[in-house]
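Student: I would like to go through this structure and ask how each label is justified.
Tutor: Go ahead.

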Amino acid sequence: MVTPAAGVGAVLRRAAGDGAVRPATARDRVAGVQPSWVVRPQAVEQVAAVVQAADARGWSVVPRGGGGGMAGGAAPSRCDLVLDLTGLDRVIEHVPGDLVVAVEAGVTLAALQDRLGPAGRQRLMLDAPPPPRGPAPTLGGLVAAAAAGPRRHRYGTPRDLLLGARFVLADGTVARTGGRVVKNVAGYDLCKLLVGSRGTLAVVVELTLKLHPAPAAAAMVTVERVAAPDLVPLVALVRRSPAVVTAAEALWPERSVLLRVEGPPRVAAGEAALLARAVGGRVLAPEAGERGWSRCLRRPWAGRGAVVAVAVAPGRVGELAACAEALACPAALRIGLGVGLVRTADDPTALDRLRDAVEAMGGCCDPQRVSPIGAERVASRPPAGALRLMAEVRRRFDPHGTLAPGRLAWGGP
Amino acid sequence: MGSRGGAVAPAVALPRDVAAALAAAVGSAWLLTDPTALHAYACDGLTGWRALPRAVVLPASTDETAAVVTILAAHGIPFVARGAGTGLSGGALPVAEGVVIGLARMRAILRVDLDDERVTAQPGVTNLAVSEAVAALGYRYAPDPSSRQVCTIGGNVAENSGGAHCLKLGFTTHHVVGATLVLADGQVVELGGTALDPAGYDLLGAVVGSEGTLGIVTEVVLRVIPLPPAVRTLVAAFEAIDAAGEAVSAIIAEGVTPAAMELMDRTALSAVEAAVHPGYPSGAAVLLVEVEGPDRRCAEEAEQVIACCRAAGATACRIAAGEGEAARYWRGRRAAFAAMGRISPHYYVQDGVIPRTRLAEVLQAIRRLEEEHGLRVANVFHAGDGNLHPLVCFDGTRPGEAERAEEVATRILDACLAVGGSLTGEHGIGRDKVCQVPKQFTVADQMAMHRLRTAFDPAGLCNPGKLLPTPRLCGEAPGIYRPHPTELRGVADRW
Ligand SMILES: Cc1cc2nc3c(=O)[nH]c(=O)nc-3n(C[C@H](O)[C@H](O)[C@H](O)COP(=O)(O)OP(=O)(O)OC[C@H]3O[C@@H](n4cnc5c(N)ncnc54)[C@H](O)[C@@H]3O)c2cc1C
Ligand SMILES: Cc1cc2nc3c(=O)[nH]c(=O)nc-3n(C[C@H](O)[C@H](O)[C@H](O)COP(=O)(O)OP(=O)(O)OC[C@H]3O[C@@H](n4cnc5c(N)ncnc54)[C@H](O)[C@@H]3O)c2cc1C
């Protein structure tokens with residue numbers, strides 16, 4: 001690691017302004033690696049100036065939003081500055097009639113939803129970690145980590161919601177991709193590359209996101225004591241049922257399945273009843289439903305240990321549940337999609353076992369909250385050919401390896 | 001690079017050893033070099049642009065495709081992938097000094113697995129064939145371009161194609177989960193697969209919509225979804241197209257997301273009525289809306305749609321009484337492009353996007369252009385997502401009229417961009433709009449895209465001259481992309 005000399009502070013202050021630069025403390029560590037400086041710019045031009053200055057001098061830069069998801073990557077090979085993006089906190093434009101919002105990357109999900117408000121009757125359909133745990137996630141962080149909650153079942157991930165982005169490349173170039181319209185095939189869709197890139201291809205500074213009408217009501221249906229092999233047939237019933245299901249979570253080890261139906265109040269209630277009949281479950285009373293929903297959002301984050309995202313072919317979700325059961329891992333499985341979150345002990349044996357089991361099903365593991373060494377251990381690697389291509393993409397975007405070097409647990413450069 | 005209109009230059013024959021190697025790779029019957037055979041490949045759906053390739057090769061598998069590309073790469077010969085050739089932006093226009101690789105022989109559906117909700121297909125399978133393969137099992141492949149009977153999945157992936165039902169269900173990019181890609185040097189890579197969230201960067205997401213410039217797709221894994229339990233198809237007539245536009249906004253504001261919302265203006269309607277008699281209520285504009293979902297929800301949404309249309313001044317609203325009537329309404333919409341032949345000898349199909357809320361002002365701009373240039377423009381569009389397809393009518397036998405039509409089409413795009421829209425919503429940049437890219441993207445934006453392209457294809461052999469402008473294609477206009485010298489150096493030292 002290059003230890004920036006005293007002149008570094010001056011360079012950074014010139015780039016981002018006096019108040020934006022401070023020496024890093026132990027709390028700013030990135031996966032155990034101590035940075036020297038934290039820079040918190042308030043404007044895109046300042047981000048560009050900081051990144052360009054760092055790139056020219058060989059300092060490495062790790063972007064950070066709320067900081068809640070920093071344990072989703074490996075330890076950086078170098079970490080001179082943390083680029084704190086929470087100063088970019090403007091909502092740039094909300095056009096309700098277009099169901100589109102443009103924000104700076106440091107806007108928190110909570111602030112955005114507040115801003116969209118009940119009056120607008122619109123929502124960004126990303127689930128938030130339930131408060132009050134930890135720092136509020138930012139939109140830049142959610143996009144860079146491809147984070148999504150249970151309602152991914154219906155609304156997808158940031159991949160499906162990101163219409164356009166403005167970003168700063170390692171050399172300080174500011175560029176845009178996509179646009180502010182929902183349908184657009186002009187040029188390459190670099191949004192897809194940015195989603196889940198964990199700060200290694202570019203610093204995301206502005207995002208244009210697709211909104212959805214906020215559903216007026218929700219109802220929860222539960223099916224208890226589901227055996228792992230029954231999950232796939234259960235999913236088939238859900239798919240064929242006359243209900244618009246927005247989340248379908250299996251919580252293990254309780255072996256319960258929770259299904260969420262959203263819509264206008266009468267419609268949601270009616271569909272939930274039909275759904276319950278179709279799947280042999282029951283509709284939960286409103287309070288019990290809320291408790292169930294909050295369990296879905298918390299699982300398996302609440303509690304100590306490593307949190308790992310897993311994905312298998314949807315038809316193998318029963319095997320995935322059986323695997324969680326065999327390994328005694330608490331899990332929340334998105335049964336319609338074949339993905340989920342699993343918690344396990346953060347030690348090499350447990351992580352290896354989980355990865356081996358998931359890969360034996362043809363699936364992948366991606367660390368979400370794991371110790372740095374554990375993250376590399378548990379992360380599945382892309383096939384060799386794809387990995388070479390990914391390394392090449394990274395080299396073209398960031399030839400000097402300035403942005404978050406070594407952070408990709410899956411073996412990215 | 002291809003030329004506009006005029007005669008097609010004869011192709012320079014392939015070196016003998018290259019031809020022999022290609023013939024050995026695919027079998028000599030599948031290497032076409034005879035000029036009359038090549039003529040069938042001189043253009044895609046944008047017939048104004050033509051070029052003869054040096055040869056057409058028709059591989060039957062991923063391995064054969066990789067072998068073909070390896071041979072071409074070794075000789076520095078550029079190549080262009082081709083599906084059904086229905087593209088409307090010249091994406092499959094041959095490169096005059098290059099070879100066309102046709103995927104038409106690779107048309108097998110390899111696997112259907114409904115526990116996974118996946119269909120694995122070769123690239124030459126038609127879009128409709130995928131839906132047909134799963135229809136009896138209660139499933140469908142959601143993206144439904146009007147060309148679905150003929151266009152291929154490979155072409156759909158390359159263009160990120162959409163269709164009328166993409167308003168609710170998303171575009172090709174939302175329904176492709178895996179692909180096998182032959183890179184420009186002949187290497188084969190697997191991107192994604194049956195499971196979601198494959199390890200690493202989402203390169204598949206970047207390949208979808210890349211117009212055949214990042215490699216050749218030789219296998220795809222598609223997501224299929226259940227058929228909706230119920231569907232309601234409605235039509236509403238309005239005295240003015242602006243009122244129909246207001247209805248669209250009101251429906252969205254009401255919180256309803258229809259599966260489709262299609263709008264046609266008077267000119268388009270007169271052609272459609274003459275051609276297929278869909279029996280729309282009469283008016284200056286017709287809005288076709290489809291809602292789908294559980295029966296009760298569907299009925300409620302249909303009521304809401306009707307209320308919005310009435311409030312916006314609809315003169316008539318009808319819910320299709322059965323599948324027959326619904327099919328008739330759709331036939332009218334699907335026939336819109338072809339029907340234009342009834343009212344105009346020639347027409348130019350434009351594809352632009354606007355934020356939905358700016359519809360009225362863009363329509364007004366189009367009307368001004370009609371008046372200024374003395375040409376009629378028919379408007380047919382995917383109103384829900386702001387994707388306009390103005391059809392500029394002209395008579396090519398009248399001197400100068402084709403040029404004026406093209407001028408109008410270009411100015412319409414300018415109007416789209418002026419309100420924050422896009423150059424294309426589904427037809428792609430291709431060759432057609434490549435010189436207009438700088439109107440939407442800065443040099444920095446283009447350079448970022450170029451970084452991706454060179455990572456996949458450093459030698460520039462894969463569908464060159466499409467998607468990103470170069471000085472050779474577009475002249476030294478300011479803002480046209482040129483690789484930055486430092487970029488070239490920076491990358492060069494890495495090799
Ligand atoms: C329902 C739900 C519950 C959750 N519960 C928890 C929980 O209890 N505990 C927990 O730890 N996580 C939880 N998460 C995950 C967490 O919300 C995500 O990891 C999210 O990314 C955190 O956002 P952030 O702003 O804090 O990101 P950060 O932690 O700041 O960053 C995440 C990653 O993105 C990069 N990054 C951040 N901003 C940018 C940018 N602008 N440009 C480029 N790269 C950037 C960072 O380098 C880092 O690699 C939950 C997620 C969901 C959906
Ligand atoms: C009447 C008509 C209606 C249409 N309606 C719609 C519509 O509603 N929505 C819509 O989105 N489009 C529409 N289109 C446009 C067109 O049908 C689509 O773009 C379609 O996806 C093209 O498929 P194709 O097989 O014909 O591809 P081609 O025209 O052969 O090729 C298109 C592009 O894809 C590339 N390509 C083809 N196959 C591969 C492959 N295997 N690997 C890599 N690259 C490949 C080519 O190089 C080219 O750049 C319409 C066209 C017509 C003629």
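Student: What makes the contact of Asp197(B) and Arg152(A) a salt bridge?
Tutor: A salt bridge is a side-chain nitrogen of Lys or Arg within 4 Å of a carboxyl oxygen of Asp or Glu. The side chains of Asp197(B) and Arg152(A) meet at 2.9 Å, N to O, so the pair fits that definition. The pair crosses between chains, from a loop of chain B to helix H5 (residues 152-155) of chain A. This is a predicted model, in which local features need pLDDT of at least 70 and side-chain atom pairs count only at pLDDT 80 or more, while totals for chains, interfaces and linings use all residues. Residues are numbered from 1 along each chain as its sequence is written, chains are lettered from A and ligands numbered from 1 in the order written, and side-chain values use heavy atoms, without hydrogens and water.

Student: Why is Arg152(A) called buried or exposed?
Tutor: Buried means under 20% relative accessible area, exposed over 50%, and partly exposed in between (1.4 Å probe, protein chains only). Arg152(A) has 13%, so it counts as buried. Asp197(B) has 36%, so that residue is partly exposed.

Student: How do you know that Glu361(B) and Arg358(B) form a salt bridge?
Tutor: Their side chains meet at 2.7 Å, N to O. Glu361(B) is partly exposed at 38%, and Arg358(B) is partly exposed at 28%.

Student: What makes Lys183(A) and Glu426(B) a salt bridge?
Tutor: The closest N and O atoms are 2.8 Å apart. This pair also crosses between chains, and both residues are buried.

Terms used: Helices (H or I, at least four residues) and strands (E, at least two) are DSSP runs, numbered from the N terminus.
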